Amino acid sequence: MKLRRRQPLRRQSINRLIPNILTLLALCAGLTAMRFALEQHYQMAVIAIVVAAVLDGLDGRIARLIGATSKFGAELDSLSDFVCFGVAPAVMLYLWVMHGGGRFGWAVVLLYAVCTALRLARFNTALDDTARPAWSFNYFTGVPAPAGAGLAILPMIASFEIGPGWLDHPWLIDAWTIVVSGLMVSRIPTFAFKRLRVPHWMVLPVLLAVGIMAAGMAAEPWITLMGIGVAYIVSLPLAWRATARARRQPPAEPKPAEPPAPLVSISGGRGEPR
């Protein structure tokens, strides 16, 4: 019986590991958010979730940019998203006010975490569907997990600015979390900003908007995050309208193939195609 020689692992460039490193950093940020929530430092927990969302938005883009996409990276990203945007917000909300709702509050946070897992599973299976129309790749089906986490903790963010009151009532947060959970597993279309193309005349306004948002995060982070959350909610009916318009448009007919041009020889005469 011959023993197989173990194949040595190929050396990987550090640049190709950057996307996975960012994913692991996002995972650490999500776990740190739960630690801050256990210590009742909810503002720091929200900041950790924001950091995880930023890192989650960067890892996939960088992987596609440098050609380092892999099945391993996709699976690691899904596991990180479930922890950061499914488990961590659920723990934060329960420790914040939803424990006051008793067993029903715990059932709601379980529902939220389960809906996040289902949302991620549906997204992963949709990646293999190549029969979709071209316009559908500009939209997600349902609210994605990072946006769902942001919407779920939006009342908590608002309470930092407004103060305690009706925003931190357990039954209100329960109802809001149920609505967000339903949006994640719904069939409503939402904008996929990852595939957004910026026209050349919009480059400067977009950069200016990013600068204003960064200044707002530094000066008034809670008001800025509330504004981003409200803007995303407003975008939901706009995405529905855009997809309805795209469905009504007839599919583009393929252009007839043009006959190949004859080859020209170096000497200047016509040559036959080879």
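**Exercise 1. Work out what share of the protein's contacts with a separation of 6 or more joins residues 24 or more positions apart, and set it beside the overall fold.**

Solution. Residues 24 or more positions apart account for 80% of the contacts with a separation of 6 or more, a contact being heavy atoms within 4.5 Å. The model is a predicted one, in which local features need pLDDT of at least 70 and side-chain atom pairs count only at pLDDT 80 or more, whereas totals for chains, interfaces and linings use all residues. Residues are numbered from 1 along each chain as its sequence is written, and side-chain values use heavy atoms, with hydrogens and water left out. The protein holds nine helices and four strands, taken as DSSP runs numbered from the N terminus (helices: H or I, at least four residues; strands: E, at least two). Along the sequence they follow the pattern α-α-α-α-β-α-α-α-β-α-α-β-β.

**Exercise 2. Determine how helix H6 (residues 154-162) sits in the structure, and which helices its buried residues pack against.**

Solution. Begin with the whole protein, where 35% of the 274 residues count as buried; buried means under 20% relative accessible area, exposed over 50%, and partly exposed in between (1.4 Å probe, protein chains only). Turning to H6, seven of its nine residues are buried, so the helix is largely enclosed by the rest of the structure. These buried residues are Leu154, Pro155, Met156, Ile157, Ala158, Ser159 and Phe160. They pack against helix H2 (42-66), helix H3 (71-96), helix H5 (145-152), helix H7 (170-185) and helix H9 (221-248). Just after H6, Gly163 takes a positive phi of about 105°.

**Exercise 3. Classify the aromatic pair formed by Tyr139 and Phe191, and locate both residues.**

Solution. The structure holds five aromatic pairs, where rings of Phe, Tyr and Trp (its six-membered ring) pair if their centres lie within 6.5 Å, and planes under 30 degrees apart count as stacked, over 60 as edge-to-face and the rest as tilted. For Tyr139 and Phe191 the ring centres are 5.7 Å apart and the planes stand at 35°, so the pair is tilted. The pair links distant parts of the chain, since Tyr139 belongs to strand S1 (residues 139-141) and Phe191 to strand S2 (residues 189-191), 52 residues apart. Tyr139, at 16% relative accessibility, counts as buried, whereas Phe191 is partly exposed, with a relative accessible area of 23%.
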